[in-house]
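User: Hi! Could you walk me through a pair of helices in this model?
Analyst: Happy to, let's look together.

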Amino acid sequence: MDTTKKTPISTLGEFGLIRHLTENIKLENASSKYGIGDDCAVLEYPDKQVLVTTDLLMEGVHFDLTYVPLKHLGYKAVMVNLSDIYAMNGTPRQITVSLAISKRFGVEDMEELYAGMRLACEAHHVDIVGGDTTSSLTGLAISITAIGDAAKDQVVYRNGAHETDLICVSGNLGAAYMGLQLLEREKNVFMGESDGVQPDFAGKEYLLERQLKPEARRDIISALADAGIRPTAMMDISDGLSSELMHICKQSGTGCRVYEEHIPLDYQTAVMAEEFNMNVSTCALNGGEDYELLFTVPLTDYDKVSKLKDVRLIGHITKPELGCMLITRDGGEMELKAQGWQALTE
């Protein structure tokens with residue numbers, strides 16, 4: 001964190017800080033009738049299904065401020081919530097932001113955090129309409145609630161996959177996890193050296209961006225709509241491909257076959273995995289934090305979905321008794337395991 005002199009938050013107080021951070025926010029969604037400034041925000045959604053999601057990020061658990069800039073943290077905190085709305089085939093409209101702040105943070109720190117949040121909101125035309133602040137004895141905590149909408153016949157759940165459906169994924173997988181490994185390695189080197197050794201990130205910028213500045217895939221939702229494709233089931237990949245596939249299959253009452261050779265990987269991910277002596281497919285299956293979209297479509301949509309940019313067909317849905325299996329590059333079968341992020345562990 002920046003060690004320059006900072007303005008104590010106590011000089012503004014809770015409501016003064018909120019006014020300071022939000023005074024120039026302009027509402028741009030018709031559903032945002034009234035935002036910050038009263039006991040509640042007022043939203044109006046005629047003839048729409050309303051989508052609501054919340055994520056809580058805790059310092060020391062979900063982020064490390066040794067190497068995560070506050071502006072990037074604010075951006076990411078918003079994006080992970082917007083990604084959940086897109087995963088329901090919806091459009092995000094509003095967020096509320098609640099913060100628990102320890103005394104080591106100043107007004108300037110919160111300005112940086114909010115700058116990242118506002119950048120993410122502006123990119124996706126989302127309004128900040130409320131929230132809360134309080135003190136913390138253990139560091140920084142960020143809770144964001146995102147609100148969106150979708151036409152009643154367009155909401156996509158996790159439980160709609162059917163036998164023979166195609167399994168698709170956007171983008172590439174494993175890069176965010178390798179970015180995290182890189183940051184942790186360089187942190188350990190930096191903290192353990194006394195001769196001014198600087199972190200070495202040359203040529204690995206993509207991995208860092210995937211970890212520090214993920215992008216919610218609004219473009220994929222738009223592309224599916226333009227192609228006339230309504231997924232039968234969909235999730236965003238926050239906890240790892242294996243984990244998300246198993247969620248879809250469990251809730252849909254199906255099995256699946258996923259082909260290792262079709263899992264999309266970036267070149268930098270493969271190079272970094274080799275450097276760490278890790279299996280790159282394992283990183284892609286279990287790493288998490290990619291925030292790509294995993295979805296299933298009917299077999300009849302094969303021609304349409306195969307033409308979509310940055311979408312890869314990776315397998316198909318099967319009968320439940322066949323289980324959830326990975327078909328390896330040599331033609332073998334391995335049962336998928338949910339080895340990704342676990343929120344509650346001892």
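**Two helices and their contact**

Analyst: Helix H3 (residues 107-123) has 17 residues, which at 1.5 Å a residue should span 24 Å, and its end C-alpha atoms are 24 Å apart, so the two agree. The expected span is 1.5 Å times one less than the number of residues. Helices here are DSSP runs (H or I, at least four residues), numbered from the N terminus. This is a predicted model, where local features need pLDDT of at least 70, side-chain atom pairs count only at pLDDT 80 or more, and totals for chains, interfaces and linings use all residues. Residues are numbered from 1 along each chain, and side-chain values use heavy atoms, without hydrogens and water.

User: Which residues of H3 are buried?
Analyst: They are Val 107, Asp 109, Met 110, Leu 113, Tyr 114, Gly 116, Met 117, Ala 120 and Cys 121. Buried means under 20% relative accessible area (1.4 Å probe, protein chains only).

User: And how many residues of H2 are buried?
Analyst: In H2, 15 of the 18 residues are buried, leaving this helix mostly covered.

User: Cool. What residues make the contact between H2 and H3?
Analyst: From H2, they include Leu 70, Leu 73 and Val 78, and from H3, Leu 113, Gly 116 and Ala 120 are among them. Contact means heavy atoms within 4.5 Å.

User: New topic: what comes just after each helix?
Analyst: Just after H3, His 125 takes a positive phi of about 55 degrees. Just after H2, Asn 89 has a positive phi of about 65 degrees.

User: And how long is H2 from its first C-alpha to its last?
Analyst: H2 reaches 26 Å, close to the 26 Å expected.

Note on methods:
Helices (H or I, at least four residues) and strands (E, at least two) are DSSP runs, numbered from the N terminus. Buried means under 20% relative accessible area, exposed over 50%, partly exposed in between (1.4 Å probe, protein chains only).
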